[in-house]
Amino acid sequence: MTSTPDRRTIFLDEMGVGPVWTRRDGSHQDTAPETSVEKQPEAAVPSAAAPSRIASADMASPSGTAPSASEIAGMDWVQLKAAVADCVKCGLCKTRTKTVFGTGDEKAKWLFVGEGPGRNEDLQGEPFVGPAGKLLDNMLQAMGLKRGRNANIANIVKCRPIGADGRDRPPTPEEADACMPYLQRQIALIQPGVIVALGKTAALSLLGLDPDTSVGQLRGKVHRHGDLPLVVTYHPAYLLRKPADKAKTWGDLCLAMNTYAHDDNRQ
Ligand code: URA
């Protein structure tokens, strides 16, 4: 007799991960069977994106009236959201439709950080609303999480970077630096148990690493962003182009879940 798959199995299936290993007691195994992920010593990681770069990005403010990084560091949620909505710290403000602050529980235990809004997000003011967002939602479901409930989703930049060809592009390091104080403040207010960096831009910006570092080099380790554990995985948009790497991503998410479960610094 075949049993009906539970919701988690369905979402893992949609992520392209399966079969789910089930213990004899009926519980799920949170380690992907194929995973190459091993816990390694934590990397030494700077607490914030290089402060000198943030300072220079501040000076590049088009209006000269944008709040400084230290002003942002003292903001509450209301002030922070208002500052982002009015932000003119970099040129992306000129072409945006809406800023995309981020979404989710303000005390979420999980923070997922992407690159920056694309066309759909720019129109709706909400992160990850396109096909990559659907995959991210499936990833969250497979972890037992849900957008807006126990997970918060943010981006490195809050305005859509548009290439000369009119298509989405990654933010430049200067754009990322200009926006970083906002994300730093979000992180400080949320105090998540684990940060998951989705893709190269998020990982490099949050870890302050040089652009030659690949996601492959960063996966499989627990990094630190300040005192918070940070796990790197592939960006959902990349996974849509390369579905074969979804299983590796599940391994990364298992690492994040194990880290969350065992992190001694978590309150
Ligand atoms: N890609 C991202 O990195 N962030 C979004 O919000 C949407 C797509």
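This is a short dialogue on reading the cysteines and the ligand site in a predicted model.

Colleague: Happy to look at this one with you! Let's start with the cysteines: how many disulfides does a search of the whole structure find?

Modeller: The idea is to look for pairs of cysteine sulfur atoms within 2.5 Å. Here the search of the whole structure gives 0 disulfides. Take Cys-87: its nearest cysteine sulfur belongs to Cys-179 and is 6.2 Å away.

Colleague: And why is Cys-93 without a bond to Cys-90?

Modeller: Because the sulfur of Cys-93 is 6.4 Å from that of Cys-90, its closest cysteine sulfur, which is too far for a bond.

Colleague: Are these residues buried or exposed, taking Cys-87 and Cys-93?

Modeller: For this we read relative accessible area, where buried means under 20%. Cys-87 is buried at 11%, and Cys-93 is buried at 17%.

Colleague: Now the ligand. Where does the ligand sit, and which residues surround it?

Modeller: The ligand sits in the largest pocket. Around the ligand are Gly-114, Glu-115, Gly-116, Glu-121, Pro-127, Phe-128, Asn-155 and His-235. Sorted by class, that shell has 2 nonpolar, 4 polar and 2 charged residues.

Colleague: Which polar side-chain atom lies 2.7 Å from an oxygen atom of the ligand?

Modeller: Polar contacts are read as pairs of N or O atoms within 3.5 Å. The atom you ask about belongs to His-235. In the side chain of Asn-155, an N or O atom is 2.8 Å from a ligand nitrogen atom. Gly-116 uses its backbone instead: an N or O atom there lies 3.1 Å from a nitrogen atom of the ligand.

Colleague: How much of the ligand's accessible area does the protein cover?

Modeller: On its own the ligand has 240 Å² of accessible area, and the protein covers 90% of that.

Technical notes. Residues are numbered from 1 along each chain as its sequence is written. This is a predicted model: local features need pLDDT of at least 70, side-chain atom pairs count only at pLDDT 80 or more; totals for chains, interfaces and linings use all residues. Side-chain values use heavy atoms; hydrogens and water are left out. Buried means under 20% relative accessible area, exposed over 50%, partly exposed in between (1.4 Å probe, protein chains only). A residue is near a molecule or strand if one of its heavy atoms lies within 4 Å of it. A polar contact is a pair of N or O atoms within 3.5 Å; within protein, one must be able to donate a hydrogen and the other to accept it, and residues adjacent in sequence count only if both atoms are side-chain atoms. Accessible areas come from the Shrake-Rupley method with a 1.4 Å probe; for residues, only the protein chains shown count as cover. On a 1 Å grid over the protein atoms alone, a cavity is a set of points where a 1.4 Å probe fits but cannot get out, and a pocket is an open set with protein on both sides within 12 Å along at least five of seven lines; lining residues have an atom within 4 Å of a point. A molecule sits in a cavity or pocket if more than half of its atoms lie within 2 Å of its grid points. Ala, Val, Leu, Ile, Met, Phe, Trp, Tyr, Cys and Pro count as nonpolar, Asp, Glu, Lys and Arg as charged, and the others, Gly among them, as polar.
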